[in-house]
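These are my notes on the model, set out as numbered points so that each can be checked against the coordinates.

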Amino acid sequence: MRADAARNLELLLTTGARMLAEDPATSIAAIAAEAGVDRRTVYRRFASREELLSAVYQARLDAIEAAIEAARFHEAPVLEALDAYVRGIVRVNRTWPTEVSRMRSDPEIWARRQRAIEEVDRFVMRAILEGFLRAGLPPSWPTSVLGSLLGLSTKDLSVLNDRLAADVIIDTFLRAFGRGEHARLQGPARG
């Protein structure tokens, strides 16, 4: 794909994600106009609105998977991995603010989403086993709460930059689930 075509596709998909988050009934023509891309170009690439929506979800999942990989859940120190993950997902949620529950309609997309959640669950279990988070909670509860906090980053924390929003989320999460000295944010913003 040529560089300009790749830029147009990314602009179209990020514009589509934003507009579909605001109004799930947004048309391809409206998305194309907002992105400054000719509607015929969009229809050559996507035969239907559903294909465009699927591409938006695939791009969101690509970004989520990249954030998980960058967090290095298995080898980075727990707090460093948590920080990297939260920063990455705040960025993903702000770039790709699509409604996650709409992903259920595509089995492949939903399976990818579930694998990402399972990866976060394994990381949370590691954090519990290493003493960073309290034990004895329902197994998926910390992951669910973390996901909800991250979801709020696009709305309730929109006045904060990505770094500050991530700090608020991590501090809230550690106050709720942290153990001992890990129950609150240590010092100013982390690395």
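1. In this predicted model, helix 5 and helix 7 pack with an angle of about 45° between them and with their axes 9 Å apart. An angle of that size makes helix 5 oblique to helix 7, because it falls outside the ranges that count as roughly parallel, roughly antiparallel or roughly perpendicular. The crossing of helix 5 with helix 7 is right-handed, and the residues that make the contact are L82, Y85, V86, I89, V90 and N93 on helix 5, together with L146, L150 and G151 on helix 7.

2. Helix 7 also packs against helix 8, here at an angle of about 155° and with the axes 10 Å apart. Since angles over 145 degrees count as roughly antiparallel, helix 7 and helix 8 are described that way. Their crossing is right-handed, and the contact is formed by W141, P142, V145, L146, L149 and L150 from helix 7 and by I169, T172, F173 and F177 from helix 8.

3. The geometry of helix 5 can be checked in a simple way. At 1.5 Å a residue, its 18 residues should span 26 Å, and the C-alpha atoms at its ends are 26 Å apart, so the two values agree. The buried residues of helix 5 are V78, A81, L82, D83, A84, Y85, V86, G88, I89, V90, V92 and N93; D83 and N93 are among them. These buried residues pack against helix 4, helix 6, helix 7 and helix 8.

4. Which residues touch the most other members of the largest nonpolar core? In this core of 59 residues, they are L13, Y85 and V86. Two or more core residues come from each of helix 1 (3–22), helix 2 (28–35), helix 4 (49–71), helix 5 (78–95), helix 6 (107–129), helix 7 (141–152) and helix 8 (162–177), and helix 4 gives the largest share, with 11 residues. Leaving out residues up to four places away in sequence, Y85 touches I68, A71, F73, V120, L146 and L150.

5. The backbone at R72 deserves a separate look. Most residues other than glycine have a negative phi. R72, which is not a glycine, nevertheless has a positive phi of about 55°. This residue is placed in the loop between helix 4 and helix 5, and R72 counts as partly exposed because its relative accessible area of 36% lies between the 20% and 50% limits.

6. Is R126 buried or exposed? R126, a residue of helix 6, has a relative accessible area of 17% and is therefore buried, the limit being under 20%. With neighbours within four places in sequence set aside, R126 is in contact with F73, H74, E75, A76, P77 and V78.

7. A further arginine, R39, belongs to helix 3 (residues 39–45). Its relative accessibility is 49%, so R39 counts as partly exposed, given that exposed means over 50%. The C-alpha atoms of R39 and I28 are separated by 7.4 Å, although these residues are 11 residues apart along the chain. Apart from neighbours within four places in sequence, R39 is in contact with A29 and A32.

Technical notes:
Residues numbered from 1 in each chain as written. Predicted model: local features only at pLDDT ≥ 70, side-chain atom pairs only at ≥ 80, totals over all residues. Heavy atoms only, no water. Core = buried A, V, L, I, M, F, W, Y, C linked by side-chain atoms within 4.5 Å. Buried < 20%, exposed > 50% of the residue type's maximum accessible area, 1.4 Å probe, protein only. Helix = DSSP H or I, 4+ residues; strand = E, 2+ residues; numbered from the N terminus. Contact = heavy atoms within 4.5 Å. Expected span 1.5 Å × (residues − 1). Axes fitted to C-alpha atoms, helices over the stretch in contact; angles between N-to-C directions. Parallel < 35°, antiparallel > 145°, perpendicular 65-115°, else oblique. Left-handed = near helix turned anticlockwise from the far one by under 90°.
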